[in-house]
Amino acid sequence: MVIPPPVKTQRVTNYLKPYLLKMHFSNKYVSAQVIHAPTATVASAASSQEKALCEAWTKTQQSTRDVAAAAKIGKLLGERLLHKDIPAVSVVYRKDQRYHGKVRAVIDSLREAGVTLL
């Protein structure tokens, strides 16, 4: 006789969110990455330090650290996530981050790209 696995309640499954979005903002650059929590590996990442983005932005005299750059990084990360078949992520805030400015730009552009935020 095979014993089925126990059914997890809804309360427990809300805390089992495997993909976590983490953002980092320095004085020069914006970066965001999605981490697969069970394996502790980076599923996808985007940064304004990437060579192609950095060269394109310096030619057009755009900043690599403002809200517009954060929105472009969020859009690029959203496209990469959908390409890897990751439809939903959970957002992790640090103590000093609030839903304002660059954080809001990254999260809103992820939503516009089609990624569901948990």
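Here are a few friendly notes on the sheet and two of the helices in this predicted model.

1. Start with the sheet. The sheet is open and has five strands in the order β3-β2-β1-β4-β5, with mixed pairing. The edge positions belong to β3 (41-47) and β5, and each has a single partner strand, so one side of each is left without a neighbour in the sheet.

2. On top of that sheet you will find α3, which packs on it and touches β1, β2, β3 and β4. The direction of α3 makes about 140° with that of β3.

3. Next, look at how the strands pair. β1 and β2 (residues 30-36) are antiparallel and share seven bridges; in this pair, H24 stands opposite S31 of β2. β2 and β3 also run antiparallel, joined by six bridges, and A32 has A46 in β3 as its bridge partner.

4. The turn between β2 and β3 deserves a glance. This hairpin has four residues between the strands, and A40 takes a positive phi near 55° there.

5. Now for α4, which covers residues 102-113, twelve residues in total. From its first C-alpha to its last, α4 reaches 17 Å, close to the 16 Å expected at 1.5 Å a residue. Just after α4 comes G114, with a positive phi near 110°.

6. Which residues of α4 are buried? They are V103, A105, V106, I107, S109 and L110. These buried residues pack against β1 (19-25), α3 (67-83), β4 (88-91) and β5 (116-117), so if you are browsing the model, β1 and β4 are good places to see contacts with α3 as well as with α4.

How values were computed
Residues numbered from 1 in each chain as written. Predicted model: local features only at pLDDT ≥ 70, side-chain atom pairs only at ≥ 80, totals over all residues. Heavy atoms only, no water. Helix = DSSP H or I, 4+ residues; strand = E, 2+ residues; numbered from the N terminus. Expected span 1.5 Å × (residues − 1). Buried < 20%, exposed > 50% of the residue type's maximum accessible area, 1.4 Å probe, protein only. Contact = heavy atoms within 4.5 Å. Pairing = 2+ DSSP bridges. Axes fitted to C-alpha atoms, helices over the stretch in contact; angles between N-to-C directions.
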